[in-house]
Every structure is written in C-alpha cells, then in structure tokens.
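Visitor: Hey, I'm new to this one. Could you walk me through it?

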Amino acid sequence: ARDVETEAEIQQKLSRFPVPEEIWDEYCIDQKINDTGVALDRTLVREAIAMDGVSGHELSDAMKSLTALENPNSVSQMKAWLAANGLHTDTLGKKTVTELLKTAPERLREVLLLRQQLAKSSVKKYQAMENAVCSDGRARGMFQFYGANRTGRWAGRLIQMQNLPQNHLSDLSQARALVCIGNREAVKLLYEVIPGTLSQLIRTAFVAPEGKKFIVADFSAIEARVIAWMAGETWRQQVFADGKDIYCASASQMFGVPVEKHGINGHLRQKGKIAELALGYGGSVGALKAMGAIEMGLKEDELKPLVDAWRTANPMIVKLWWEVDRAVTRAVSDKTATETHSIRFTCQSGMLFITLPSGRRLAYVKPRIGENQFGGSAITYMGTNAAKQWARLESYGPKFVENIVQAISRDILCYAMQALRDCAIVAHVHDEVILEADPGMSLEAVCERMGRTPPWAQGLLLRADGYATPFYKKD
C-alpha cells in the first residue's frame, strides 16, 4: 500500500513537468530496438561456455599445484600466500596485478599470470547471453531508455553491450570458427590463452542473420567535437574541419612543435592522447593517473606540466568551465535565469534545469550552495550516490560541462537514430549504431545520414565512420 501511495505522490509532483513529445518519439524508437533484438550465434555461445569450463578447471588445478591452496580463487587466501612468499599487496585488482608482474620473482609471476587468466569474465558474458536469448535466437530488452540520470544516455541491461571487451585478434573469423566446432586444442595451440581468446570473441557472438549484414557506424571524437564547438575553441574546430588527428594536433598545440602519427615527434602523440582523454572536464594529475598515464610510460614529474600545457593550449574550454560554474551558482543562489554559451540555467519548483541547445532539459533536484570536500563552496543537489543511496551530491563548473557535453552527444545520437529509423537499427553502443542491413545497403549512405548536423547545432562539425561485417566487432 505504501508503494502505491508513494508512486501516486511522485506522479502528482512530476505532473508539473510533462515529458515533451520529442522525448516520447525517442522512446518509441528505443522500444522498437529493444523489441527487435539482436541475433546471437548460439553455437559459439554454447561452445565458449564449455571450453571456458574445461580451461577454468585446468588453470585452477595448475594454481593449486603451485600454491597448495584449497581455493586459489579466494582473494584472502591468495594474498596470504603471496605475503608468505615475500610479496605483500592490499589488493589483487587488475591494475595492481599488472604492476606486480613487472617485478615479481618467476614462480610468483607464474601464479599471478594464471590468476589473471582465471579472472577473465568471458564466461559470465556468454552465460548472460544464454540466459537472455529468446526462442528465436535473438536477445531483447538490452537498453534502458534514460538510464543515466544526469545526461539521459542509455544504460545497458542483461548482456551489457556497453562494456564488452575489445578485440585485437587479426584473424577473428578463424578463431571463432575453431571455437564453434569445439576445437579446444587448436585454440590453445594458435592463441595460447583460452580465456583471453574467448574474451576477445564475445562481440562476435552478435551476428547478422543469413542474407543480412551488420553496418556499424559511429561518430568520430564526438565529445571532443562538441566541447570545441560549445567553447568556441577555433583551432580544434579547424583540426576537425581538415580531417586531422586530434591527438597529434593537441600535442602540437601543447608543445609548440609539429607532431605526426608515426612521423616527426610521433612520441608526443601519446601525451596528447592521454591529455585529451583525461583533462577535458577539469581533471588534473589524479585524472591522468586514473586514465593510466603512469602505466603508459609517463613519469610522475611530467604530469602537472602536462595539465598546465593542455589548459594553456585550450583557454576557451577552461573559460567555458568557469563561466558555466558562475552561471549555475547565480541561478541557484539568486533563483534567477542565467545563460552562457547557448545553455540556459533556471530554478523552478525546487529543481535546477539546464536547457540544452536541442531544447531538452537536464534536471537536478533541490539544488543549493553548500560546502565541498575541501571546505570551499560548491553547488549541491540530491541524487543517488555510488552506494545507490539518496544523498546530497556536489558538483562544480567542469563537472556540469561534462554532463552537458555528454547530454548533447546523446541528443546528436538520437537525431541520427531518427534519421536512420527506417534502416533496422538493432543496437547502439555509446556513440555507435548497429544496423541489420540488406546486402545492397550502402555504408557510405548510412555514414552520410548519421553525420548530418542537427538544425539546433549550427557550426558543429560531425563525421561518422563505419564498416560492414557479418558479426559485431571493434574495427
């Protein structure tokens, strides 16, 4: 009874904020995609599960033989065994194990490598496929509309297509053919590590039915394009207009020298890439580390100068962060409408609304000016925290910019999906759409339609690239 009353009260409060018709139209497209589903190669799924089971037993037996542990999968037992053998660690997470492997003695290194293989979650994805597949061989209901509260992006469900492992095998077709016939010995002989191979084949379990092909098309550097357009960072927009590599261009702008991929000053491209991925939304040294800067070969004393160089090279983006911060702060503190960079901020009925160029509004519940973790002022609002609890969260200019850029990117994807709604979209992953196409459908025509700039984003330079394939993969 309480649940029904609570839902009725929520409905009454939300009645003041009707869902716009264009959002209902997006929802209809979403439901059609979810109802259509994606075909799965059930033979590959079944054989992969069986192969992983045998491989898991072999790896576990090998670890037991080396360690004499009752359960080598147990984190506490493994940590205690490593400590007894002179290797102390607080965690056995993926990054930590990778670091330990660099200096561990040969015997301990062998154990850690076996543990890495056992930790591969390949069979879990295949198991999820087997659980989710319908009687006609298709998996359905994998995308939750408006799954991300802050941006309105989709969330993955069931098989979770949003976080599939990447594939780097050059002969995917051969590898999946060997798994499909259950030739475990050949897989082991040719690819050495069975769990890793199965992990790389997960994407290929999504297949186009007989007589069809997949056309996979995605936006090129969508968030980098959107933030450059929003901020008016003209040198970045010129890079996209000229079809150049943004990582090389960023490194060139930061260090004042020409940078070419596999050419002059090519070693600086990696620094440009890590800076682009980590620093666009106010990130600093911590963001670079979280993005794997140290593992990529950067030294600790290089990180702060890298942050400074990126911000110096992108003054309009830095200006955007703090103008958004000021606009949000004023809207919340003065309860007045503010605007910057064609983004409007208003407070209404205990909500902060951010109106995007598309007209869609992002909502933040019960906003107010509070204190951040460092003792300074911050904008806070109510939402679900990492523990899935209703709590007061804090934000600031660069974080709002991240929400806005990702939300605009989502709206661009929706515009592309509307343009392609007659082309049998069966799935979408981040900024990528997957079409189940007839053999004669043109890849170029799909990319051209997807890359059209929405009328509300004049001046934004978009580009879509793609490929045709009989099974899903990361090209």
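Guide: Sure, and one term will help right away: two strands count as paired if DSSP finds at least two bridges between them. Keep in mind too that this is a predicted model.

Visitor: Okay, let's use that. How many bridges join E8 to strand E9?

Guide: Five, and the two strands run antiparallel. In E9, which covers residues 361-371, Tyr-364 is the bridge partner of Leu-352.

Visitor: And what about E7 and E8, how many bridges there?

Guide: Five bridges join E7 to E8, again with the strands running antiparallel. Met-351 in E8 is the bridge partner of Gln-348.

Visitor: How many residues sit between the strands in each hairpin?

Guide: The hairpin of E7 and E8 has two, and Ser-349 there takes a positive phi near 50°. The hairpin of E8 and E9 has five, with Gly-359 at a positive phi near 100°.

Visitor: Is E8 mostly covered or mostly open?

Guide: Mostly covered: five of its five residues, 351-355, are buried. Met-351, Phe-353 and Thr-355 point one way, while Leu-352 and Ile-354 point the other way. In a regular strand the side chains alternate between the two faces of the sheet.

Visitor: Let's switch sheets. In what order do the four strands of the open sheet come?

Guide: The order is E12-E13-E5-E14, with antiparallel pairing. Strands E12 (425-429) and E14 (464-469) stand at the edges with a single partner strand each, so one side of each has no neighbour in the sheet. From one strand to the next, the twist averages 20°.

Visitor: What joins E5 to E13?

Guide: Six bridges, between residues 213-219 of E5 and 432-437 of E13. As one example, Ala-217 stands opposite Val-433 in E13.

Visitor: Which helix packs on that sheet?

Guide: That's H18, which touches E5, E12 and E13. Its direction makes about 145° with that of E5.

Visitor: Now the core. How many residues does the largest nonpolar core have?

Guide: It has 118, and those with the most contacts inside it are Tyr-126, Met-161, Phe-206, Phe-345 and Tyr-472. Helix H18 (residues 397-419) shows up again here: it gives the largest share of this core, 11 residues. Apart from that core lies another one of 16 residues, including Met-63, Met-78, Trp-81 and Leu-100.

Visitor: What is Tyr-472 in contact with, leaving aside its neighbours within four places in sequence?

Guide: Among its contacts are Met-161, Leu-164, Phe-206, Phe-214, Val-216, Val-429 and Ile-434. The list also includes Arg-203, Thr-204 and Glu-432.

Visitor: Back to helices. Which residues of H12 are buried?

Guide: In H12, residues 234-241, they are Trp-235, Arg-236, Gln-237, Val-239 and Phe-240. What covers them includes helix H11 (222-231), H13, H14, H16 and helix H17 (315-334). Just after H12, Gly-243 takes a positive phi of about 70°.

Visitor: Where else is there a positive phi, in a residue other than glycine?

Guide: His-262 is one, with phi near 60°. His-341 is another, at about 50°. Most residues other than glycine have a negative phi.

Visitor: Where do those two histidines lie?

Guide: His-262 is in the loop between helix H13 (246-255) and helix H14 (269-279), and it is exposed, with a relative accessible area of 78%. His-341 lies in the loop between strand E6 (338-340) and strand E7 (343-348); at 23%, His-341 is partly exposed.

Visitor: What about Ser-74, buried or exposed?

Guide: Buried, because its relative accessibility is 14% and the cut-off for buried is under 20%. Ser-74 sits in the loop between helix H3 (42-67) and helix H4 (75-84). Its side chain makes a 3.1 Å polar contact with that of Ser-76, and it also reaches the backbone nitrogen of Gln-77 at 3.2 Å.

Visitor: Last one: how many disulfides are there?

Guide: Zero. Take Cys-414: the nearest cysteine sulfur, that of Cys-28, is 12 Å away. Cys-414 is buried as well, at 3% relative accessibility.

Definitions and conventions
Residues numbered from 1 in each chain as written. Predicted model: local features only at pLDDT ≥ 70, side-chain atom pairs only at ≥ 80, totals over all residues. Heavy atoms only, no water. Core = buried A, V, L, I, M, F, W, Y, C linked by side-chain atoms within 4.5 Å. Buried < 20%, exposed > 50% of the residue type's maximum accessible area, 1.4 Å probe, protein only. Contact = heavy atoms within 4.5 Å. Polar contact = N/O pair within 3.5 Å; in protein donor to acceptor, adjacent residues only side chain to side chain. Disulfide = S-S within 2.5 Å. Axes fitted to C-alpha atoms, helices over the stretch in contact; angles between N-to-C directions.
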